[in-house]
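User: I've got a structure open and I'd like to talk it through with you. Can we start with the overall layout and then get down to single residues?

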Amino acid sequence: MLTAAQLKAARALLGIDQRTLAQMAGLSLPTIQRMEASDGNVRGVVESLTRVVEALDAAGVELIGEGATSLEGGRGVRLKARRTPA
């Protein structure tokens, strides 16, 4: 699952704005804006989500799922699992 935070972070790593991502994915700017405004996991049409993931992948961004290992190497940012207070 792609989260809104991952989407924003991916754009930041690439140094692109929402409009550029929309063009790369062949989607409208409002679609990208709605995706990034999602609370938690991005909601949207599966085809649109696939286009965004493919566009980010083609631009060199690896989206790492919860608990997954990065197989490609390279630099990146990842949130640590939240610890519950004892």
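**Fold and packing**

Analyst: Going from the N terminus, the elements of the protein chain run α-α-α-α. Keep in mind that this is a predicted model.

User: How many helices and how many strands does the protein chain have?

Analyst: The order of elements reads α-α-α-α from the N terminus. That fits the count for the protein chain, which is zero strands and four helices.

User: What percentage of the residues in the protein chain is buried?

Analyst: Buried here means under 20% relative accessible area. The protein chain has 86 residues, and the buried part of them comes to 27%.

User: What share of the exposed area comes from carbon and sulfur atoms?

Analyst: The protein chain exposes about 6400 Å². Of that area, carbon and sulfur atoms supply 52%.

User: Let's go to H1. Which helices do the buried residues of H1 pack against?

Analyst: The buried residues in H1 are Ala4, Leu7, Ala10 and Arg11. Down the axis of H1 they fall within an arc of 125°, so they line one face of the helix. On the other side of H1 you'll find Ala5, Ala12 and Leu13 exposed. The buried residues pack against H2, H3 and H4.

User: And H2, which helices do its buried residues pack against?

Analyst: H2 spans residues 18-25, and its buried residues are Leu21, Ala22 and Ala25. Looking down the axis of H2, they sit within an arc of 105°, so they too line one face of the helix. Their packing partners are helix H1 (4-14), helix H3 (29-36) and helix H4 (46-58).

User: Which residue with a positive phi follows H2?

Analyst: H1 is followed by Gly15, with a positive phi near 70°. After H2 comes another glycine whose phi is positive, near 70°, and that one is Gly26.

User: Which helix gives the largest share of the largest nonpolar core?

Analyst: The largest nonpolar core has 17 residues, and those with the most contacts inside it are Leu21, Ile32, Met35, Val52 and Leu56. H1, H2, H3 and H4 each supply at least two residues of this core. The largest share is four residues, and it comes from H4.

User: Which residues does Leu21 touch, leaving out those up to four places away in sequence?

Analyst: Leu21 is a buried residue of H2, and it is among those with the most contacts inside the largest nonpolar core. Leaving out residues up to four places away in sequence, it touches Leu7, Arg11, Ile16, Ile32, Val52 and Leu56.

User: Which side chain does Asp17 join in a polar contact?

Analyst: Asp17 sits in the loop between H1 and H2. It has 42% relative accessibility, so it counts as partly exposed. Its C-alpha is 10.0 Å from that of Leu29, twelve residues apart along the chain. The polar contact of 2.7 Å joins the side chain of Asp17 to that of Thr20.

User: How far apart in space are Gln33 and Arg19, C-alpha to C-alpha?

Analyst: Gln33 lies in helix H3, and at 36% relative accessibility it counts as partly exposed. In sequence, Gln33 and Arg19 are 14 residues apart; in space, C-alpha to C-alpha, the separation is 9.1 Å.

User: Last one: what percentage of the contacts with a separation of 6 or more comes from residues 24 or more positions apart?

Analyst: Contact here means heavy atoms within 4.5 Å. Taking the contacts in the protein chain with a separation of 6 or more, residues 24 or more positions apart account for 50%.

Conventions
Residues numbered from 1 in each chain as written. Predicted model: local features only at pLDDT ≥ 70, side-chain atom pairs only at ≥ 80, totals over all residues. Heavy atoms only, no water. Buried < 20%, exposed > 50% of the residue type's maximum accessible area, 1.4 Å probe, protein only. Arc of directions from axis to C-beta. Core = buried A, V, L, I, M, F, W, Y, C linked by side-chain atoms within 4.5 Å. Polar contact = N/O pair within 3.5 Å; in protein donor to acceptor, adjacent residues only side chain to side chain. Areas by Shrake-Rupley, 256 points an atom, 1.4 Å probe, with all protein chains shown as cover.
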